[in-house]
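Me: I would like to learn how to read the contacts in a structure, one feature at a time. Could we go through an example together, slowly?

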Amino acid sequence: MPATAPPGAALVQMTGIVKDFTGVRALDGVDFTLRPGEIHAVMGENGAGKSTLIKVLTGVHGHDAGEILLDGEPVRFHSPKAAQAAGISTVYQEVNLTDNLSVAENLFAGREPRLGPFINFRAMRRKAKALLDDIGIDLNVAAPLSSYSIAMQQLVAIARAVDIESKVLILDEPTSSLDRDEVEVLLGVMRRLAADGTAMVFISHFLDQVYEISDRMTVLRNGTLVGEWATADLPQSELIGHMLGREAATLEQIERAASAHRVEDEEPLVEARGLGRKGSIAPYDLTVRRGEVVGLAGLLGSGRTETVRLIAGADRADSGALQFEGRRVGGHNSRTAAARGIAFCPENRKTEGLVGDLTVAENMILAMQASRGWARSIPVARRDKLVAEFIEKLGIRPADPDMPVKNLSGGNQQKVLLARWMLIEPKLLILDEPTRGIDVGAKADIQRLVAELSADGLSVLFVSAELDEVTRLSDRIAVLRDRELIAVLESEADMTTERIVDTIVAGGRES
Amino acid sequence: GGGDDSGDGGGSGDGLVVGFAQVGAESAWRTANSESVQAAAEADDRIAELKFVDAQQDQEKQIEAVRNFITQQVDVIVLAPVVETGWTDVLQEAADAGIPVVLADRGVEAADEDLYVTRLGSDFAEEGRKAGAWAVETFAEDPDGTTRILELQGTTGSAPANDRKAGFFEVLDAEGLPYELVDSQSGNFTAEEGKAVMETFITTHGLDGIDLLYAHNDEMGLGAIQAIEEAGYQPGTDIQIIIVDGSKAGFQAGVDGKLNYIVECNPVFGEQLMDVVVQVANGEEVEKFTPVEEGVFDASQFEAELPNRKF
Amino acid sequence: MWPLIILLALIVVNIVATGVDFIVPSVNEDGRLGGAFVNILRRSAPLLLIALGMTLVIATKGIDLSVGAVYAIGAAIACQTIIDAPDQTAAGLVFSAVAIALVVTAVIGAWNGVMVAYFGIQPIVATLILMIAGRGIAQLVTGGQIPKVQDSSPFTELGRGAFLAVPIPIWIAALVLTALALLTRRTALGMLLESVGGNPEASRLAGIRSKGITVLVYLVCALCAGLAGLIGAANLGSADANNGGLWIELDAILAVVIGGTALLGGRFFLLGTAIGVVIIGTLEDTIINVGLSSQWQFTAKAIVVFVVALLQSPEFRAWILKPIKRRPAAPAPAPAEEVQAK
Amino acid sequence: MTTQTLTERPARSTLFDGLTRYVPIGATVALLIALYLGGVANYPNFDSPQVVAKLFIDNAPLLVIAVGMTFVILSGGIDLSVGSVMAFSTMACAWLTVDAGIPAPAALVMVLAFGTLWGLAIGAVIHYFNVQPFIATLVGLFLFRGLTLQINSEDVSMREIEFWQWGMTHVDFGEIRDGGFWLPYLSFVAFAVVIVAFVTLHYTRFGRGVYAVGGSESSALLMGLPVARTKIGVYAVSGFCAALAGVLAAFATKSANPLANVGAELDAIAAVVIGGTLLTGGAGFVLGTVAGVMVWGMLNTLIAFQGNLSSWWARIVMGILLLAFILLQRVLARSGEKRRT
Ligand SMILES: Nc1ncnc2c1ncn2[C@@H]1O[C@H](COP(=O)(O)OP(=O)(O)OP(=O)(O)O)[C@@H](O)[C@H]1O
Ligand SMILES: Nc1ncnc2c1ncn2[C@@H]1O[C@H](COP(=O)(O)OP(=O)(O)OP(=O)(O)O)[C@@H](O)[C@H]1O
Ligand SMILES: [Mg+2]
Ligand SMILES: [Mg+2]
């Protein structure tokens, strides 16, 4: 382990950091101190500047003012490589790996075990296997990374960062698409590293995780520093108050809107019969009624994404049939699905969701425009009104419809994607991990929005790694395991986190 | 197994198999040349088959074509080299394989003389000289003293462009004609660029006071003529024009009085070539250089010659 | 903005070399506008047409190498049709010759588009096929000859004529530019194109007919190339299947990129492309005007392109300005290391 | 639940995972063999081993630039300057040895150094100034064609200089007249380039870095890979290869021609892409490029053996063969590749 500075002295000291992007001041005189051996959470709403702070520290962005000290020495890294060489290892917010290379190569890129000048692939695969075993995932390390889901890729990225021996480990929303079990493992690894003396920066919108693991927290709001507290001294409600700049009372748990109306009476909107796709998901039956919220639960890789993609027309089913509004659907694809009123908000916003170069407004109206055809462009006034309305409703910041969407913070990008699909006023809204990387306030807003929409008769099919969210919002829950739909939980009593976990375990035993 | 050599000469009993590595199809002249050779081979009983490969103006492709002929064991190889140098090895390979080589059109460097049997073609420098001689004669008593000349060169670096330029000015210098080369640019042997360059010449230098336009081929010359007409001048009258090649279109322009002198560069030598090929195949003595019959034509001859033009 | 500055600089160089006549249009006897700059515009019309089509293709992250060959095919078909007819001056004949040429080139474009969109072949390879075969097809049409249309045929008006004193090629190019600009900016087509180019998978999931759009774009590009071929052929009164539009694809791509459209797809700028085309056209004249020999053509082009490319790069400008702006000894971060979340 | 295996493992063979990326190159090779057999069945003397050997004689320079191009394309870039750099290098060889009288080995080293430096320079411009590779290297295309013409606008012979004889020295395998074949030294140089490139791309950090940068440049940067070095490096490799190809061309013809290799960059790109490398970067193999060059040469050989095609039919047939090839390759690759989600 690298030697650490004397206790109490700062390992990383950032003072008065200012970072301007064209038109936006992302950081405005922010101070940040990381002490040896501590786990330090950086908290804030979407767009508060957390990721930017990390990127300034690690040399991705240069800063316009301020000073960075590492071990008391002033530093200014010119590239992440330099930061890495100085002992700062980072997992950035979006999965930043190269998915054309194999898992093992991603884990060891730039530091491959070598024999003379040549890479020793055998040793690399062995070490990769061991490393992944260590954090409890079992992958084919020789397979291209692209064959794994975004969650898997996130785990690989974490494994890579953890394995790089460093005095500072930075994790920017590492858990956004992980299941609770993976999160547990990650937290375990973090504790172990902390015990070994590694200082860590942890960014997450999951408050319970933050409270479970962190020693101190720094709160940012709108690019400015709100303050720094020891975790133990700052109650959750106060933290939220600091983050949002308003009272936390609004954030009470949302009542299940489902109880307000009896969905059983409604006619089915979607009926999948024996729908399946070879090598991806076993044939399944699934019904979604009007106004109903159906959640999909399962472990990573259990086939939730595949299940909804078939209904959304993103993939072609090779068996079974789909009925929509009582009529059999033929020639199902993304375009016809959207025309019928099926909206699909995919899980990977970077590759499947947004068009980075287009503006916020353009990204929002994309689906709506697509369904109207190119010739009938949406009148500017109408478009501006709709866009403004959703920027307001979802709290997208900065509230600038003309900003390229790639310049938005992760959470705000997610909101743009949601807005795109809400805009077309669909009959069925399919959400795959809709709240990834979204801050507490906005998450509550979105959940409320889903509840409201379903009360108005919209059906929702959604996938989330957070079982709490699934149980809270759903009228029924479909449980998947091993690329098979094994159960549909209907009764109030069944819809608890424990029941779901039990079903998954039992489902495996029975089959 | 490569023991099957039955192809040897493609059945030498009923005629020769000839491989013809042509430069490309870059101009009407070249196409006329290819067609002439192909037609002559077709019509000739002594030739069983003509293997024709178009190298698209690329020496590497042409060398490859010659090697392919060697592998196919043709009886005679006809090569119209893209450039003069760089043929030693492949010609040596042909010699080693016992296949005689005849050059058509352009030549190769002198040091390789032993590696081919004969060359049949035009002498570009001579064409330049012919053009120069007419210029000297026509402008011997130019009223304003110096002859002001515009030149439209062929593709920069190509043998015809280099030689036609060199031959022309060689004569002008030798005869002591007082002249000024006002501008000289490449028109890449195409009408399109010839016209564009001429337009720019006109806007830059004007045409008043310019005596002569020397275009390295018809196409450029015809393009230039259009540019001159569009600028409101009379080609052939306001400015004297010499072109090299002598296609139908060129002669037609001459008949219309739009140009003054044509130096012929004759592509239609297929029959002449076949005779040479047969002689070579039979091991007869042939001259090292057989010139293609070519003439020069001035305004008085255009009308009469036009019907004889084959391309 | 930078391309515009370069263009102005080139114009200034020309004015210094040849006087203000360079830019001021003159009026010919027959009432047509002439003069150096008008000539440049007129000559640039075919390149502009092709570059406009290319802009759209590039916006979808594609590329079309076959435009030069399509140019030759368009020219060959029109000229051959006309000279095969008994009366070359008949307006109906010219009209149908043009129509045939345009239909054929449109079909070729659709073919390219289908190869790219439906067969999933990389655009550069898909269009390479026609780049190779296309000139062969054009030569086949003309039988290897260079068909020459009578000067009296109305066909030549397309290239040489004038309407309201302005040369017809300029009209056509301006019209197509306006039409495409309206089509892409007044309808949603432009945005959908940029979306397909920026992220094809996301576009598909958003319900965009990306395949149809791709085919359309290649079709338009080939149509533009065919039209360019017609203008070129009409200007000369002949069609050279082998050399017509040779390497024009490189100039077209160059113009597109000078105009600010990235080859990686996404945002496109039709007007920028137009400026890029005029820069290239002016450059060729500049070389002659400042009295450089033919050998200089390539070198001068290289230098100008290099300067444009550098000036367009914010990183380069920052680097050049750095010593002026800030003097402190502290090493500023190398600008290129900034990651714009791409 | 224990943390034994948190994730579910789909039933999917690991063997298959590893093999999918070899499908395009497998298809290329299979079709290449089919082309060859087609030639043997139709033309006399096509079965002569020299037909295959010839692919590596005439295409040795193309192979070398295509290998350099493979590096660049894998990294997500493109290098349009190779044809001109190659012609310039040949001309420089002639100029240095014939006109300036510099000893040929020294000239050779200078030319190779020049190619590498040019690559470094343009790579730096591309990386640090974020200039699009297409444009930056297009500058090279124009610049070196211009400079070549300025050195000499005519072709120059180097035959008088002993050194340039080396490249075409034969190595005979068996008796040529009955079933043997020969290869010149320069083919072996090309083979050596392929081997070095293969090892570099697959077994060194630089090589893997090329794939990583091609996969996602911003990710590679965030992973702390030496992106600058890699990006500049690939252009240096390509520049070196182009200069080397120029030297090989000097060996092959002992002459320099200012108009040589016009369009060679497109041939190289075509060969690389036919060999299964994606133009978008990150996926492909240098051995695929070898296959691509062989396909290119084989198509030309077939047309030459056919021998009765006029200029235009030759082009059209070339286009049709290429089309058939690419479509078949695509069909084979598609049926081999499992659609991922
Ligand atoms: N490259 C960029 N160009 C312009 N603006 C940017 C850029 N990157 C970030 N920003 C802006 O900087 C601000 C801070 O973004 P940052 O990514 O740091 O937020 P964050 O706190 O990480 O949010 P989240 O929780 O959503 O990830 C945002 O307003 C964002 O729009
Ligand atoms: N353990 C694993 N081994 C191999 N491949 C896996 C594994 N886990 C996931 N995958 C791959 O990841 C891809 C995504 O799986 P899928 O999207 O069905 O998971 P999911 O249930 O939606 O989970 P999530 O979206 O939360 O990751 C699948 O194509 C599958 O091949
Ligand atoms: Mg963030
Ligand atoms: Mg999923």
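**Reading salt bridges, interfaces and a metal site**

Reply: Let us start with one pair in chain B, where the side chains of B:E127 and B:R164 meet in a salt bridge, with 2.9 Å from N to O. The two partners lie 37 residues apart, B:E127 in helix α4 of chain B and B:R164 in helix α5 (residues 159–175) of chain B, and the pair thereby links distant parts of the chain. Please keep in mind throughout that this is a predicted model.

Me: What is the general idea behind such a pair, and are B:E127 and B:R164 buried or exposed?

Reply: In general, side chains of opposite charge can pair when their charged atoms come close. In this case both B:E127 and B:R164 are buried. B:E127 counts as buried because its relative accessibility is 0%, and the cut-off for that word is under 20%.

Me: Which residues is B:E127 in contact with, leaving aside its neighbours within four places in sequence?

Reply: B:E127, which has its place in helix α4 (residues 124–138) of chain B, is in contact with B:S122, B:R164, B:V244, B:V263, B:E264, B:C265 and B:E294 once those neighbours are left aside. B:R164 is thus one of the residues on that list, and the side chains of B:E127 and B:R164 are also joined by a polar contact of 2.9 Å.

Me: How many salt bridges does the structure hold over all chains, and where could I look at another one?

Reply: Over all chains the structure holds 65 salt bridges. Another one joins B:R46 and B:D275, whose closest N and O atoms are 2.8 Å apart. This pair, too, links distant parts of the chain, with B:R46 in the loop between α1 and β2 of chain B and B:D275 in helix α9 (residues 270–281) of chain B, 229 residues apart. B:R46 is partly exposed, because its relative accessible area is 36%, and B:D275 is partly exposed as well, with a value of 39%.

Me: Which salt bridge should I look at for a pair that crosses between chains?

Reply: Look at B:E199 and C:R43, which form a salt bridge with their closest N and O atoms 2.3 Å apart. The pair crosses from helix α6 (residues 191–205) of chain B, where B:E199 lies, to helix α2 (residues 36–59) of chain C, where C:R43 lies. B:E199 is buried, with a relative accessible area of 6%, whereas C:R43 is partly exposed, with 22%. Both belong to a network of salt bridges that links B:K195, B:E199, B:E230, C:R42, C:R43, C:R160 and C:D285.

Me: Now I would like to read a whole interface. How many residues does the contact take from chain B and from chain D?

Reply: A careful reading takes the residues, the area and the pairs in turn. The contact takes 44 residues from chain B and 46 residues from chain D, and the two chains bury about 3,500 Å² between them, with 46% of it on carbon and sulfur atoms. Chain B and chain D share four salt bridges, and one is formed by D:D58 with B:R67, the closest N and O atoms being 2.4 Å apart. Between these chains there are also 16 residue pairs in polar contact. On the side of chain B that touches chain D, α2(B) gives the most, with nine residues, and the residues of that side divide into eight nonpolar, 20 polar and 16 charged.

Me: What do the same steps give for chain C and chain D?

Reply: Here the contact takes 51 residues from chain C and 48 residues from chain D. The buried area is about 4,400 Å², of which carbon and sulfur atoms give 77%. C:Q122, C:I132 and C:F298 supply 13% of the area that chain C buries against chain D, more than any other three residues. The count of salt bridges between chain C and chain D is zero, while five residue pairs are in polar contact. The largest share of the side of chain C that touches chain D comes from α5(C), with twelve residues, and by class that side has 34 nonpolar, eleven polar and six charged residues.

Me: Finally, which residues coordinate the magnesium ion (ligand 4)?

Reply: The magnesium ion (ligand 4) is coordinated by A:T305, through OG1, and by A:E347, through OE, at 1.8 to 2.7 Å. A:T305 lies in helix α9 (residues 304–312) of chain A and A:E347 in the loop between β18 (342–345) and α11 (349–353) of chain A, 42 residues apart. Both A:T305 and A:E347 are buried.

How values were computed: Residues numbered from 1 in each chain as written. Chains lettered and ligands numbered in written order. Predicted model: local features only at pLDDT ≥ 70, side-chain atom pairs only at ≥ 80, totals over all residues. Heavy atoms only, no water. Contact = heavy atoms within 4.5 Å. Buried area = accessible area lost by both parts, 1.4 Å probe. Polar contact = N/O pair within 3.5 Å; in protein donor to acceptor, adjacent residues only side chain to side chain. Helix = DSSP H or I, 4+ residues; strand = E, 2+ residues; numbered from the N terminus. Nonpolar A, V, L, I, M, F, W, Y, C, P; charged D, E, K, R; others polar. Donors = N, O, S within 2.8 Å, 3.2 Å for Na, K, Ca; no water. Buried < 20%, exposed > 50% of the residue type's maximum accessible area, 1.4 Å probe, protein only.
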